[in-house]
Amino acid sequence: MKQQANLIRAGQVIEHEGRRWTVLKQQIITPGKGGAFIQVEMRDLKTGNKTNERWRTADTVERLMTEEKEYTYSYMDGDNVVLMDPETFEQTLIPLGLLGDQAPFLQDNMTLVINLVEGDPVGVQLPAQVTLEIVEADPVVKGQTASSSYKPAKLSNGVKTMVPPFIEAGERIVVRTEDASYVERAKG
């Protein structure tokens, strides 16, 4: 179905130059002179190559309809993620590349939403937040104002993040899977 370029959003699948692309990021840019345009970062579904494309906001693009299906994460098999259909218990393999920067946040028995176009997996949605343990945290620097200063820390999955000064190594915190940002201390 056709849609205006300014309605493109991350996670959508579009057809461009005879190929299918999943949209990673989009940004509307309004230059001082001339009309606004949308800059889109997207990944080719077949090759995994990334590219940037620009459209004027009035241009139209072909959006492919996606079907969403829930799966449960089982384990890694080389460069593939093994998922299980919770209804039929059938196993499905998807390439790890579909997860992009969110791959380290996979946890056993996590429920994932897979976007499918004509039965082919084109995108993966992880839960918005996960709870992880801090394995390393820098000491607090005296004299920093507590309200605005965050310090670097390393999560149990190897991802680095910024946490408030009162968070210590060994604590469990809730982080956003989209950008590894700190949300709150884990409860309980």
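Let's start with Glu68. Glu68 sits in strand E7, residues 67-77. Bear in mind that this is a predicted model. Is Glu68 buried or exposed? Glu68 counts as exposed, at 54% relative accessibility. The cut-off for exposed is over 50%.

Which residues does Glu68 touch, once those up to four places away in sequence are set aside? There are Val113, Ile114, Asn115 and Gln125. Now take Leu112. Glu68 and Leu112 are 44 residues apart in sequence. In space, their C-alpha atoms are 9.9 Å apart.

Staying with side chains for a moment, look at Lys69. Lys69 lies over the face of Tyr71. The distance to the ring centre is 5.5 Å.

Now the whole chain. The protein chain has 188 residues. How many helices and strands does the chain have? The count is 0 helices and 16 strands. Along its principal axes, the C-alpha trace spans about 55 × 55 × 25 Å. Of the residues, 34% count as buried. The accessible surface comes to about 11200 Å². Carbon and sulfur atoms hold 47% of that surface.

Next, charge. The chain carries 21 positive and 27 negative side chains. The centres of those two sets lie 8 Å apart.

And contacts. Take contacts between residues at least 6 apart in sequence. Of these, 43% join residues at least 24 apart.

On to the aromatic rings. How many aromatic pairs does the model have? The count comes to 1 aromatic pair. The partners are Tyr150 and Tyr182. Their ring centres are 6.3 Å apart, and their planes stand at 80°, so this pair is edge-to-face. Why that label? Planes over 60 degrees apart count as edge-to-face.

Where do the two partners lie? Tyr150 is in the loop between strand E12 (129-137) and strand E13 (151-155). Tyr182 is in strand E16, residues 182-185. The pair therefore ties together parts that are 32 residues apart in sequence.

The partners also differ in burial class. Tyr150 is partly exposed, with a relative accessible area of 41%. Tyr182 is buried, with a relative accessible area of 13%.

Let's stay on Tyr182. Again we leave out residues up to four places away in sequence. Tyr182 then touches Tyr150, Thr161, Met162, Val163, Pro164, Phe166 and Ile167. The list also includes Ile173, Val174, Val175 and Arg176. For a longer span, take Leu93. Tyr182 and Leu93 are 89 residues apart along the chain, and their C-alpha atoms are separated by 31 Å.

Just before E16 there is a residue to note for its backbone. Ala180 is in the loop between strand E15 (172-176) and E16. Its phi is near 60°, a positive value in a residue other than glycine. Is Ala180 buried or exposed? Ala180 is buried, with a relative accessible area of 9%.

Phe89 is another such case. Phe89 has a positive phi of about 65°, although it is not a glycine. Phe89 lies in the loop between strand E8 (80-84) and strand E9 (91-95). Phe89 is exposed, with a relative accessible area of 57%.

Now Ile134. This residue is in strand E12. Ile134 counts as buried, at 1% relative accessibility. What is Ile134 in contact with, leaving aside its neighbours within four places in sequence? Ala153, Lys154 and Leu155 are among them. So are Val163, Ile167, Glu168 and Ala169. Gly170, Glu171 and Ile173 belong to that list too. Compare Glu67. Ile134 and Glu67 are 67 residues apart in sequence. From C-alpha to C-alpha, they are 36 Å apart in space.

Last stop, Glu62. Glu62 is in strand E6, residues 60-64. Glu62 is partly exposed, with a relative accessible area of 25%. Beyond four places in sequence, Glu62 touches Met1, Lys2, Val13, Ile14 and Glu15. Val124 is 62 residues along the chain from Glu62. The C-alpha atoms of those two are separated by 21 Å.

To close, back to the ring pair. Tyr150 and Tyr182 are edge-to-face. Tyr182 is the buried partner, and Tyr150 is partly exposed.

Key:
Residues are numbered from 1 along each chain as its sequence is written. This is a predicted model: local features need pLDDT of at least 70, side-chain atom pairs count only at pLDDT 80 or more; totals for chains, interfaces and linings use all residues. Side-chain values use heavy atoms; hydrogens and water are left out. Rings of Phe, Tyr and Trp (its six-membered ring) pair if their centres lie within 6.5 Å; planes under 30 degrees apart count as stacked, over 60 as edge-to-face and the rest as tilted. Helices (H or I, at least four residues) and strands (E, at least two) are DSSP runs, numbered from the N terminus. Buried means under 20% relative accessible area, exposed over 50%, partly exposed in between (1.4 Å probe, protein chains only). A charge sits over a ring if NZ of Lys or CZ of Arg is within 6 Å of the ring centre and within 35 degrees of the ring normal. Contact means heavy atoms within 4.5 Å. Accessible areas come from the Shrake-Rupley method with a 1.4 Å probe; for residues, only the protein chains shown count as cover. Lys and Arg count as positive and Asp and Glu as negative; His and the chain ends are not counted. The place of a charge is taken as NZ of Lys, CZ of Arg, CG of Asp or CD of Glu.
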